[in-house]
Amino acid sequence: MSDISDSNVISALRRQMTIAVARQVAAAGNLANVDTPGYKAKEVTFDDTLKNKLKPVNSTFGAKSSAAIDPEITVKEQDGPVRRDGNNVQLDRELLTMNRAASDFAAAQTALAAKFRLVRYAINEAK
């Protein structure tokens with residue numbers, strides 16, 4: 001018997017969508033501060049975020065804050081060339097990050113929609 005269940009697949013897709021949203025939020029914040037002197041660009045680090053997401057969850061019931069402020073998502077300052085004003089935001093890099101995050105989110109959303117269509121089909125055919 002396989003350890004991959006529907007709930008595991010849905011949970012993994014949810015994690016992928018959450019990380020994609022966090023990447024978009026970080027890139028949008030960087031773009032908003034492209035002209036701010038001394039601003040250091042932020043990025044969501046995949047390795048640390050994955051480690052945090054795979055830890056056992058100490059679940060507490062109640063409202064969770066928005067996905068962009070998920071405490072399990074690790075955001076670090078980017079390394080890179082710094083301009084004279086101390087800012088290291090690179091417009092091309094941020095736009096590319098937003099584009100990749102959007103495509104990751106869309107891929108997870110498509111897979112999740114397909115999963116729910118299968119469930120809906122199974123329910124309707126059982127009648």
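## Helices α1 and α3, a core and a pocket

Let's start with helix α3: its buried residues are Glu94, Ala101, Ala108, Leu112 and Lys115. Bear in mind that this is a predicted model. Part of what covers those buried α3 residues is α1.

Here are the two helices side by side.

| Helix | Residues | Number of residues | Expected span | Distance between end C-alpha atoms |
|---|---|---|---|---|
| α1 | 6-32 | 27 residues | 39 Å | 39 Å |
| α3 | 91-125 | 35 residues | 51 Å | 51 Å |

For α1, the end-to-end distance agrees with what 1.5 Å a residue should give. The α3 helix is likewise close to its expected value.

Now for the inside of α1. Its buried residues are Leu13, Met17, Thr18, Ile19, Ala20, Ala22, Ala26, Ala27 and Asn30. Ile19, Ala22 and Ala26 also turn up in the largest nonpolar core, where Val44 and Ile73 complete the set of 5 residues. With 3 residues, α1 is the biggest contributor to this core. In soluble globular proteins, nonpolar side chains tend to be buried together. Leaving aside residues up to four places away in sequence, Ala26 touches Lys42 as well as Val44.

Val44 shows up again at the second largest pocket, which has a volume of about 220 Å³. The lining takes in 16 residues, and those closest to the pocket centre are Arg23, Glu43, Val44, Gln78 and Thr97. Two or more lining residues come from each of α1, β1 (42-44) and α3, and α3 gives the most, with 6 residues. By type, the lining splits into 7 charged, 5 nonpolar and 4 polar residues.

Key: Residues numbered from 1 in each chain as written. Predicted model: local features only at pLDDT ≥ 70, side-chain atom pairs only at ≥ 80, totals over all residues. Heavy atoms only, no water. Helix = DSSP H or I, 4+ residues; strand = E, 2+ residues; numbered from the N terminus. Expected span 1.5 Å × (residues − 1). Buried < 20%, exposed > 50% of the residue type's maximum accessible area, 1.4 Å probe, protein only. Core = buried A, V, L, I, M, F, W, Y, C linked by side-chain atoms within 4.5 Å. Contact = heavy atoms within 4.5 Å. 1 Å grid on protein atoms, 1.4 Å probe; cavity = no way out; pocket = protein on both sides within 12 Å on 5 of 7 lines; lining within 4 Å. Points joined across faces, edges and corners; volume = space filled by probe spheres on them. Nonpolar A, V, L, I, M, F, W, Y, C, P; charged D, E, K, R; others polar.
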